[in-house]
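Please work through the following exercises with the sequence and the 3D view at hand, trying each task before reading its solution.

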Amino acid sequence: MKIQVDFNHMMTEFIGEEEGFTREHIEALAGKIKDSHQRMLKKSGSGWLEWRKLPMNQEEVVTKIVRTAEEIRSRAEAFVVLGIGGSALGPLAVQTALNHLHYNELPTERRGGPRFYVLDNVDPERVAALFDIIDPAKTIFNVISKSGSTSETMAQFMIVFNLLREKIGSDYAKNIIATTDAEKGNLVKMAREEGYTTFTIPAGVGGRFSELSPVGLLPAAVCGIDIRELLAGAAYMDKLCQQEDVFRNPAYMLGVLQYLAMRRGKNISVMMPYTDALKYFADWYAQLWAESLGKRTDNNGEDVFAGQTPVKALGTTDQHSQVQLYVEGPFDKVVTFLGVGCYRQEVTIPKVFEDLAGIAFLGGHTLGQLIKAEQLATEYALMKAQRLNFTVTLPEINAFTVGQLIQLLEIQTAFVGELLDINAFDQPGVEEGKNATYALLGRPGYESKKQELETRPLK
Ligand code: PA5
């Protein structure tokens with residue numbers, strides 16, 4: 001079951017000469033594509049591209065994760081991820097894609113595992129609300145932080161740690177699992193001292209590229225997802241994306257056309273799944289795309305600003321809000337539709353109100369037919385208005401196709417980073433904010449940052 005990438009609506013034959021691209025536009029980038037491809041291949045599996053090998057090299061880790069997940073499923077009522085950004089969005093996206101949309105509300109025997117929550121904010125109301133509905137003594141807390149120092153995650157962890165000690169006394173460590181770097185940061189030190197079950201995020205796997213590491217695999221396995229199948233899908237896609245020929249490599253084709261669009265000032269990238277199951281994939285992708293490609297670089301002393309602003313939309317819901325702008329607003333967007341070949345459930349619209357012609361035509365169709373017609377109609381409206389758009393179709397949403405999608409979008413993002421000649425794996429803008437928070441709250445070592453902050457113009 002292979003994901004289909006349809007780029008017809010990026011090309012002149014469909015979009016017209018003014019906005020569309022031709023084979024010649026793509027071929028004109030041959031040298032750049034070749035160089036980028038070679039850099040990708042050379043770095044693949046090492047440095048910051050270590051994530052590329054995750055689908056292929058984790059058998060031992062997977063065995064430990066599956067064993068741990070089974071044990072958690074047999075004893076826990078709830079499983080809570082404490083993490084933010086790359087340590088939270090992937091687990092949420094995969095859980096929503098592959099499990100029942102009301103997973104937490106299902107009866108325990110149908111769910112087969114604990115309820116699942118991702119606490120990716122420090123809004124005090126949200127944190128307090130979660131403690132209203134879980135019993136900490138029957139909850140496993142998976143604290144995920146590569147750096148082991150992110151203020152939000154560590155603050156949550158400190159609260160949980162204290163609470164567990166109060167509620168269950170000396171056995172509290174059994175309710176904590178740490179996922180972090182092998183050597184660096186406070187979390188790994190604490191985990192060793194306290195004896196938590198620990199999973200390692202490999203050194204060259206950055207937060208937003210970590211979904212197929214224990215960051216995403218443990219929460220997925222705890223929720224009953226077949227993680228071997230997820231990795232098999234990713235490995236399958238990785239193989240397809242090792243080809244230099246852009247016309248055979250789906251990630252490169254998506255990347256090259258996005259790059260060409262960026263060069264023409266298309267500064268906004270919309271992701272619009274036509275299924276609630278992939279709704280949080282648009283969130284995950286927004287981080288991947290924004291944090292990887294939104295960079296200032298120095299080109300011989302001149303600042304160059306790269307990146308596209310990601311926008312999340314949901315079909316059909318956002319047809320009734322954002323699509324007006326996409327069809328008639330500024331020519332500054334590329335829309336990526338995520339479609340589904342066959343929905344996992346079907347609902348038929350009954351033949352009622354047959355004397356009302358304005359709605360009777362719906363009777364007898366399925367909701368699957370309706371949502372697909374809506375997607376096609378939106379793609380058509382955009383094409384007619386000469387608006388660039390892609391469609392990525394999952395024949396069915398399952399662990400294998402979701403694994404493919406993750407690897408496809410990660411490779412696309414890294415490849416565009418190479419085409420743009422930027423570092424897609426750092427995030428100095430995010431670090432600046434993290435450091436300013438440390439300084440404001442008095443972390444030792446951040447005194448000069450505090451002084452710098454104190455000289456800021458006051459509001
Ligand atoms: O992609 C990234 O690197 C970031 O979004 C991080 O995942 C996020 O800042 C959380 O960092 P950490 O896992 O170190 O707590």
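The exercises below deal with helix crossings, a covered helix and backbone details in loops.

The model is predicted, and local features need pLDDT of at least 70, side-chain atom pairs count only at pLDDT 80 or more, while totals for chains, interfaces and linings use all residues. Residues are numbered from 1 along each chain as its sequence is written.

**Exercise 1.** Describe how helix α4 and helix α10 cross, and which residues make the contact.

Solution. Begin with the elements: helices (H or I, at least four residues) and strands (E, at least two) are DSSP runs, numbered from the N terminus. The axes of α4 (residues 59–75) and α10 (residues 214–222) come within 8 Å and cross at roughly 40°, where axes are lines fitted to C-alpha atoms, for helices over the stretch in contact, and angles run from 0 to 180 degrees between N-to-C directions. Angles under 35 degrees count as roughly parallel, over 145 as roughly antiparallel, 65 to 115 as roughly perpendicular and the rest as oblique; α4 and α10 are therefore oblique to each other. Next, take the contact, for which C-beta atoms, placed from the backbone, must lie within 7 Å: α4 brings Val61, Val62, Ile65, Val66, Thr68, Ala69, Ile72 and Arg73, and α10 brings Pro214, Leu217, Leu218, Ala221 and Val222.

**Exercise 2.** Compare the expected span of helix α13 with the distance between its end C-alpha atoms, and find how many of its residues are buried.

Solution. The expected span is 1.5 Å times one less than the number of residues. For the 15 residues of α13 (residues 279–293) this should be 21 Å, and the end C-alpha atoms are 22 Å apart, which agrees. A residue is buried if 20 or more other C-beta atoms lie within 10 Å of its own, exposed if 12 or fewer, and partly exposed in between. In α13, 11 of the 15 residues are buried, among them Trp284, Tyr285 and Trp289. The elements covering them include α5 (89–98), β7 (268–273) and α17.

**Exercise 3.** Which residues other than glycine have a positive phi, and where do they lie?

Solution. Phenylalanine 353 has a positive phi of about 55° and lies in the loop between β11 and α15; this residue is exposed, with 12 other C-beta atoms within 10 Å. Glutamine 386, with phi near 60°, is found in the loop between α16 and β12, and is partly exposed, with 16 other C-beta atoms within 10 Å.

Notes. Contact = placed C-beta atoms within 7 Å.
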